[in-house]
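Biologist: I would like to learn how to read a protein structure step by step. Could we look at one together, with the general idea before each case?

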Amino acid sequence: MIDKIKSKKFSIIYFLSFFIYTAIILFNWIYYLGDYTCVALAILTGIYELVYIVFLRRKEAVSLGRSIARFFLYALASLSLLFITFLADNFINGYQETAWITGEAIGERYYGWEAVVNDEWGFAFFKIVFIPFIIYTIVYFSVSAYLKKKK
């Protein structure tokens with residue numbers, strides 16, 4: 001098990017790097033670490049992802065196409081996780097519509113499924129990201145299984 005982790009260490013770091021962006025937003029790292037630190041962390045993470053796609057993938061015998069396909073899979077997964085947590089937060093803590101310019105609360109506060117449905121922007125972005133994630137995941141694993149079977 002340890003040998004397998006050591007042999008795939010760049011791929012594991014590549015996978016985890018996509019969830020750093022989500023962690024910065026969800027865990028409010030901007031407040032705790034500072035905005036410049038988080039920007040530097042996001043830039044360095046993006047540079048690592050690019051370096052992995054160009055150079056580090058070769059050390060683990062990952063093709064260029066596979067590394068780019070994983071890029072889109074992991075990016076869609078981290079975005080979907082972000083929107084799922086936002087909708088779960090609305091479900092638990094409630095949602096209240098706000099004015100577009102002033103940001104003041106308008107109307108009543110909704111809880112539960114009503115909050116998820118009434119958050120039109122959040123739900124719209126969730127559908128835009130989550131549906132392609134599901135389709136892409138199915139296609140990715142189908143192609144992976146076909147290529148594995150072909151070998």
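**Reading a helical chain**

Modeller: Let us start with a pair of helices: in this predicted model, α5 passes α7 in a left-handed crossing. By class, the residues in that contact are 19 nonpolar, four polar and two charged.

Biologist: At what angle do helix α5 and helix α7 pack, and how far apart are their axes?

Modeller: Helix α5, which covers residues 64-93, and helix α7, which covers residues 120-150, pack at an angle of about 145 degrees, and their axes are 9 Å apart.

Biologist: Which residues does Phe 83 touch, leaving aside its neighbours within four places in sequence?

Modeller: Phe 83 has its place in helix α5, and, with those neighbours left aside, Phe 83 is in contact with Phe 125, Phe 126 and Val 129. A separation along the chain can also be set beside a distance in space: Phe 83 and Gly 122 are 39 residues apart along the chain, while their C-alpha atoms are separated by 7.3 Å.

Biologist: Is Phe 83 buried or exposed?

Modeller: A residue is called buried when its relative accessible area is under 20%. Phe 83 has 16% relative accessibility, and therefore counts as buried. For the chain as a whole, 29% of the 151 residues count as buried.

Biologist: How are α2 and α4 directed relative to each other?

Modeller: The general idea is that an angle over 145 degrees between two helices counts as roughly antiparallel. The axes of helix α2 (residues 9-26) and helix α4 (residues 35-54) cross at roughly 150 degrees and come within 10 Å, and α2 and α4 are therefore roughly antiparallel to each other. The contact of α2 with α4 has, by class, 13 nonpolar, four polar and one charged residues. As with the earlier pair, there is a handedness to read, and α2 passes α4 in a left-handed crossing.

Biologist: Which residues of α2 and α4 meet?

Modeller: On the α2 side they include Phe 10, Ile 13, Tyr 14 and Phe 18, and on the α4 side they include Leu 41, Thr 45, Tyr 48 and Tyr 52.

Biologist: How do α4 and α5 cross?

Modeller: The axes of α4 and α5 cross at roughly 155 degrees and come within 9 Å, and therefore α4 and α5 are roughly antiparallel to each other. Glu 49, Tyr 52 and Ile 53 of α4 make this contact with Leu 64, Ser 67, Ile 68, Arg 70 and Phe 71 of α5. By class, the residues of the contact of α4 with α5 are five nonpolar, one polar and two charged.

Biologist: What should I look for in the loops?

Modeller: One thing to look for is the sign of phi, a backbone angle. Phi of Ala 61 is near 60 degrees, which is a positive value in a residue other than glycine, and Ala 61 lies in the loop between α4 and α5. With a relative accessible area of 73%, Ala 61 is exposed. Asn 28 also has a positive phi, near 55 degrees, and is a residue other than glycine; at 39% relative accessibility, Asn 28 counts as partly exposed.

Biologist: How many helices and strands does the chain have?

Modeller: The chain has seven helices and two strands, and along the sequence they follow the pattern α-α-α-α-α-β-β-α-α. For overall size, one can compare the radius of gyration with the value for a compact globule: for 151 residues that would be near 15 Å, but the chain has 19 Å. The C-alpha atoms fill a box of roughly 60 × 40 × 30 Å along the principal axes.

Technical notes:
Residues are numbered from 1 along each chain as its sequence is written. This is a predicted model: local features need pLDDT of at least 70, side-chain atom pairs count only at pLDDT 80 or more; totals for chains, interfaces and linings use all residues. Side-chain values use heavy atoms; hydrogens and water are left out. Axes are lines fitted to C-alpha atoms, for helices over the stretch in contact, and angles run from 0 to 180 degrees between N-to-C directions. Helices (H or I, at least four residues) and strands (E, at least two) are DSSP runs, numbered from the N terminus. A crossing is left-handed if the near helix is turned anticlockwise from the far one by less than a right angle, and right-handed if clockwise. Ala, Val, Leu, Ile, Met, Phe, Trp, Tyr, Cys and Pro count as nonpolar, Asp, Glu, Lys and Arg as charged, and the others, Gly among them, as polar. Angles under 35 degrees count as roughly parallel, over 145 as roughly antiparallel, 65 to 115 as roughly perpendicular and the rest as oblique. Contact means heavy atoms within 4.5 Å. The radius of gyration is taken over C-alpha atoms; the globule rule is 2.2 Å times the number of residues to the power 0.38. Buried means under 20% relative accessible area, exposed over 50%, partly exposed in between (1.4 Å probe, protein chains only).
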